[in-house]
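Biologist: Could you take me on a close look at one part of this model, and then show me how it sits in the rest? I'm new to this, so please go one step at a time.

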Amino acid sequence: MITIKNLKASIEDKDILKGINLEIPKGEVHVIMGRNGSGKSTLANVIAGNEKYEVDGGSITMNGNDMTEMSIENRALQGLFLCFQYPVAIPGVSMAYFLRAALNAKNKHDGKEEMDAVEFLTTAKKVLSNLGLDDSFLKRSINDGFSGGEKKKSEILQLLMLNPQLAVLDETDSGLDVDALRTVAKGVNEFKNDNNTVLIITHYQRLLEYIKPDVIHIMIDGKIVKSGDMTLVHEVEKNGYSWLVK
Amino acid sequence: MLKKIQKHSRSRFEELGYPSKKLENWKFSSSKHLKKYSSNNSNNKDISVEQYSDEYTLCFINGEISLESLNKFIYKDDMIILDIDELKDESICSTSSNFDKEAFFHLGLSTIKSGKYFEFKEGCKFDTPIQILNVYNKNTEELRISSFNIFKLNQGNNISIIEQDINEGSGSFNLSLNKFICADNTILNHSMMYDDSTESNYLGYNYYELERNVLLNIDSMNINSTFNKNFIEIDLNREGSEVKINILNLARNEQHLDNNILVNHNAEHCISVQNVRNILNDQATCVFNGKVVVADGAQKTDSNQSNKNLLLSQNATAHSNPQLEIYADDVACGHGSTTGALDQDSIFYLRARGIKETDANNILVKAFAKEILQEFINDNIRNLSENNLDHWINGQYN
């Protein structure tokens, strides 16, 4: 599904990613954990093509297509979805308009017909209901005046509506109360199937109580230093990251 | 009486001369290019306005009212319509002391051929807005066309006026002077739409005199004018009145759009809100000079000024000068100004959902503009403005 080879990236001449190697096969859930400032969110942004970051070397391949130099929107159209850690507020653009624009861009790319308003509303209302959100959510401006929980639910709503092949969840669990965390996890589990892939970036194990990962990676100073199963999470919870620093 | 006023204005113009950049109101807008325009003396009587006018429309041809449209005008029996020359009370024509310092105001007044006084009979409420269509039919280049009209609202009036310009022929200089007198308990909605592609210059002086419990909405959208400078001055003379001003300007190439707004809170318990947004591309420039003066004793004033400028090009320039002058001690006054480019994080967010970069830019420009348009009081004007906005945006990037 996605293969990252020796990926190096910097921002304003500061090296952040120092040679990331990662392979996530189709149907798996992988988790990246690490301290603040280890480069986890940079990796998520670089995968999504954020132009603030400079890619200094290496490659990102998804389904055999080299995405390293691909535009942000083309990556999304190829099936990549970044669940933002800090979703921006865009006053004046309704969620409905935005979601339809995104869905229709995808449909156009996939050679499908544009979704009409009725079909869109039927689909959106079903997803909203599953996330415990009111239909009026669609009329609100993108993330404008949303609570922390609503912002994250808005990201999951988009994930479920756009149904990508690869979802990168950048600290989607941060700042959520237990109920919101359950709702978000439920949404991710609903999305997950054997034909797609999830990469979760997180600080804590609490999301992993609801979503069962296949592989855990530990990232320190811009590199993945160790990979393993859930026992690695428990070790990190118990002993911190120091023992992993060479 | 008109001759007397014009004589005064001629002498004031001679005293003042053309405005220089030393004057605060003209610091960022040159008047040099306006000097070449000479006064219009053409005969407008033979110009038909049939194609434009319906029973709700008052047509002005080169600054003079069209009798053809006046005869058809549905509300004429609910109004007193006079030539300004017929007015007995000279004070009806007086405007603000600030306009008296404006050379172009006097140049306009001294060169009008006639002017009209429209008084609405007490209690009249019109369901359909009055459309004022200024048709500029210019057979000769470099013409300056001046107009002066006075509108008086009496107790209980609820009037909506939509003002639009239609330019035919070559570019010119349209100098428009208006006075609005709003008596107690009146509602005035004044919408101004400037969508001109004939390279004309517009300079407007709009003065509003408000008594008790008046609600005044001023909505304006400027698009395509080469040079558009609008002075708005409002006197809130008695308590309980409210003013809302929403202005959206779109400019590209070397267009210059300029809003000078002065709100005088002369009485207690009045509210004023100014929202002015400019979207500039290429080498376009804009000016916002907004001032609120709260007089001594105008307690419980609630006033807010906001100017936001979106620059789509590194060569576009916005000048913003929001000012407050407060002489009362129990007031709530705020002002703010922002100028910047499209937010890169927002563009990234939209693109990360598969939306093309040009579409993402367009969505954000539209959102910025729509926050003003959604405040427009008249549904038709709001829809028309949104259409104009779409056309402008589509021509911008695509």
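Modeller: Let's start with Asp135(A) in this predicted model. Asp135(A) counts as exposed, because just 12 C-beta neighbours fall inside 10 Å and the cut-off for exposed is 12 or fewer. You'll find Asp135(A) in the loop between α4 and β8 (141–142) of chain A. Leaving aside residues up to four places away in sequence, Asp135(A) touches Lys125(A) and Leu128(A). Now pick a partner further along: Leu159(A) is 24 residues from Asp135(A) along the chain, and their C-alpha atoms are separated by 17 Å.

Step back into the helix before that loop. Helix α4 of chain A covers residues 117–130. Its 14 residues should span 20 Å at 1.5 Å a residue, and the end C-alpha atoms are indeed 20 Å apart, so the two values agree. Just after α4(A) comes Gly132(A), with a positive phi of about 70 degrees.

Positive phi turns up elsewhere too. Asn6(A) isn't a glycine, yet its phi is positive, near 45 degrees. Asn6(A) belongs to strand β1 (residues 2–11) of chain A, and it is exposed, with 12 other C-beta atoms within 10 Å. Over in chain B, Asn62(B) is another residue other than glycine with a positive phi, near 45 degrees. Asn62(B) sits in the loop between β2 (57–61) and β3 (64–65) of chain B. Is Asn62(B) buried or exposed? It is buried, because 24 other C-beta atoms lie within 10 Å and 20 or more is enough to count.

Now zoom out to the whole of chain A. It has 7 helices and 12 strands. Its radius of gyration is 18 Å, close to the 18 Å that the globule rule gives for 246 residues, so chain A is as compact as a globular protein of that length. Along the principal axes, its C-alpha atoms fill a box of roughly 55 × 40 × 35 Å. Buried residues make up 41% of the 246 in the chain. Look at contacts in chain A with a separation of 6 or more, and 72% of them join residues 24 or more positions apart.

Where does chain A meet its partner? 21 residues of chain A are in contact with 16 residues of chain B. On the chain A side, the elements giving two or more residues are α2 (72–77), β7 (90–94), α3 (95–109) and α5 (148–162). The largest share, 5 residues, comes from α3(A). Sort the residues on this side of chain A by class and you get 15 nonpolar, 4 polar and 2 charged.

Cross over to chain B, which has 6 helices and 20 strands. A compact globule of 398 residues would have a radius of gyration near 21 Å, and chain B has 21 Å, so that agrees. The C-alpha trace of chain B spans about 65 × 55 × 45 Å along its principal axes. Of the 398 residues, 47% count as buried. For contacts in chain B with a separation of 6 or more, 82% are between residues 24 or more positions apart.

Two helices of chain B are worth following together. Helix α1 (residues 2–16) and helix α3 (residues 103–111) of chain B pack at an angle of about 145 degrees, with their axes 8 Å apart. The crossing of α1(B) past α3(B) is left-handed. Residues making this contact include Ile5(B), Phe13(B) and Leu16(B) from α1(B), plus Leu107(B) and Leu109(B) from α3(B). By class, the contact holds 6 nonpolar, 4 polar and 2 charged residues.

Helix α5 of chain B (residues 357–373) has 17 residues and reaches 24 Å from first C-alpha to last, close to the 24 Å expected at 1.5 Å a residue. Among the buried residues of α5(B) are Ile363(B), Val365(B), Phe368(B) and Leu373(B), and Lys366(B) is buried as well.

One last stop is Asn213(B), in the loop between β11 (201–210) and β12 (215–223) of chain B. Asn213(B) is partly exposed, with 19 other C-beta atoms within 10 Å. Not counting residues up to four places away in sequence, Asn213(B) touches Asp184(B), Asn185(B), Gly240(B) and Ser241(B). Compare that with Gln255(B): it is 42 residues from Asn213(B) in sequence, and the two C-alpha atoms are 38 Å apart in space.

Key:
Residues numbered from 1 in each chain as written. Chains lettered and ligands numbered in written order. Predicted model: local features only at pLDDT ≥ 70, side-chain atom pairs only at ≥ 80, totals over all residues. Helix = DSSP H or I, 4+ residues; strand = E, 2+ residues; numbered from the N terminus. Rg over C-alpha atoms; globule rule 2.2 N^0.38 Å. Contact = placed C-beta atoms within 7 Å. Axes fitted to C-alpha atoms, helices over the stretch in contact; angles between N-to-C directions. Left-handed = near helix turned anticlockwise from the far one by under 90°. Nonpolar A, V, L, I, M, F, W, Y, C, P; charged D, E, K, R; others polar. Expected span 1.5 Å × (residues − 1).
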